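Work through the exercises below with the sequence and the model open. Each task is followed by a solution in steps.

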Amino acid sequence: MNDQGGAVRIIGAGPTGALLAILLQRRRYTVELYETRSDPRTAAAESGRSINLALADRGIHALQMAGVFPDIERLLLPMRGRLIHHLGGGTSLQPYGQRANELIYSISRHKLNQALLEVAARQPGVTVHFEHRFETADFDAGTALIRDLRQDRLLNIPMQPLLATDGAGSSMRRRMTSLHLIDADETDLEHGYKELSIPADAAGRHRMTHDALHIWPRGNYMLIALPNEDGSFTATLFLAKHGGTSFDSLTEAATIEEFLVRSFPDACALMPNRVAEFQNNPVGFLGTVSASPWAHEGMAALIGDSAHAIVPFHGQGMNCCFEDCMEFDACISRHTSWKSVFAEFGALRKPDTDAIAAMALDNYLEMRERVAHPKFQLQQALSLELERRFPQRFMVMFHHEISYRTALERGIIQAELLAELTAGAVSTLADVDFERAEREVCARLKPLL
């Protein structure tokens, strides 16, 4: 499509919808952005339901390409690796990479959304309608109903196109599914999460190392903590929703306290409000969404979590959504109709989003259990060493130049190599047969770039 503009409607003004609006305005489209919630720039953040977001290379690249990274950069807190808190005491750092720029950044979901909306609202031709809820869509008429919650009136708006960036619980996806226009699965993970907090010290400083993702792996459950700008940490407990040790079974203050102190003694020393937060904060939903196709004709398309929500255990959910926006923008430049834009976008992205969904689920097992095992820690150290020796073949971190699909395929091969090279009595890097490693890496992993 050429850059002659036109009108586009977006439902969902979270980070994905805001970034998409910015990109579309750059192509001279008039954008109407509808959001159920009130303006997050003036409203307080929702309490108890927000996992801090992780921004990595892929998401940063998208923000840079959109020209908005300078508006976000000041909000970022670098994390150079996972800091594992062992049950018996002590910690160990597992770096994300070995280069200075191989970091993941912690950012407040609320502040990120505020910043992107601020940029979007400044653009001529972008109008954001808060407290406007998508109600339904009539695909025969090509229109959607939006309820203005302030005045309790219905607006009938043309689709053609209407882009749904309304998240994992997408009302548009469920409407399209109910009409049998698409197939969609929403797979509920057996675990949920509760948000807890580690406040800053009296001087407003972090009370733990602030440049790491803290993890307390405990087998069937775990606690994580990400740093915030104000010296606090957002802690998140991931636990089974039902069963023996679960959110269902932990209801009394005494049993909650016993569980937390037994499982996370060093963290509990820093969480004065742990029991009250556990009792008062809701259990958050964790699950995977898979839809196919992501669009119907040239009328409506699902983008971001509305099409492919994933569990948050690889720190890639937001990064994947931002990459969606960039790929969608690129598709616009190659086509003359919204129908063909939607078709290419879905064909290009679905293999990658399926791949990261699978990797995110596997990473939950890794984070809550495997990271504490000596053999896993040896394999992590070996990964870094093999990447140092064979930087064009062995990959440790995600990079935006490498698709998720490629990362999954290579990750399977690399895991096999690591298992083979650390099998048996191998217990340190000094025990590894690096001559064999070189032969196997060169034979089984083609150069990346």
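**Exercise 1: a proline in a loop**

Task: locate proline 161 and describe the peptide bond before it.

Solution. Proline 161 lies in the loop that runs between β11 (153-158) and β12 (162-164). This is a predicted model. The bond from glutamine 160 to proline 161 is cis, and its omega is near 5 degrees. Glutamine 160 is in the loop between β11 and β12 as well. Although glutamine 160 is not a glycine, its phi is positive, about 35 degrees.

**Exercise 2: another cis bond**

Task: find the loop that holds proline 293 and give the omega of the bond from serine 292.

Solution. Proline 293 sits between β18 (287-292) and β19 (295-296), in the loop. The bond from serine 292 to proline 293 is cis, with omega near -15 degrees.

**Exercise 3: a positive phi**

Task: is glutamate 131 buried, partly exposed or exposed?

Solution. Glutamate 131 belongs to the loop between β8 (126-130) and β9 (132-138). Its phi is positive, about 55 degrees, although glutamate 131 is not a glycine. Its relative accessible area is 25%. Buried means under 20% and exposed over 50%, so glutamate 131 is partly exposed.

**Exercise 4: a helix pair**

Task: how do α12 and α13 pack?

Solution. Helix α12 (residues 374-389) packs with helix α13 (residues 404-421) at an angle of about 115 degrees, their axes 10 Å apart. That makes α12 roughly perpendicular to α13. The crossing is right-handed. Gln379, Leu382, Ser383 and Leu386 of α12 meet Leu418, Ala419 and Leu421 of α13. By class, this contact has five nonpolar, two polar and no charged residues.

How values were computed
Residues numbered from 1 in each chain as written. Predicted model: local features only at pLDDT ≥ 70, side-chain atom pairs only at ≥ 80, totals over all residues. Heavy atoms only, no water. Axes fitted to C-alpha atoms, helices over the stretch in contact; angles between N-to-C directions. Helix = DSSP H or I, 4+ residues; strand = E, 2+ residues; numbered from the N terminus. Parallel < 35°, antiparallel > 145°, perpendicular 65-115°, else oblique. Left-handed = near helix turned anticlockwise from the far one by under 90°. Contact = heavy atoms within 4.5 Å. Nonpolar A, V, L, I, M, F, W, Y, C, P; charged D, E, K, R; others polar. Buried < 20%, exposed > 50% of the residue type's maximum accessible area, 1.4 Å probe, protein only.
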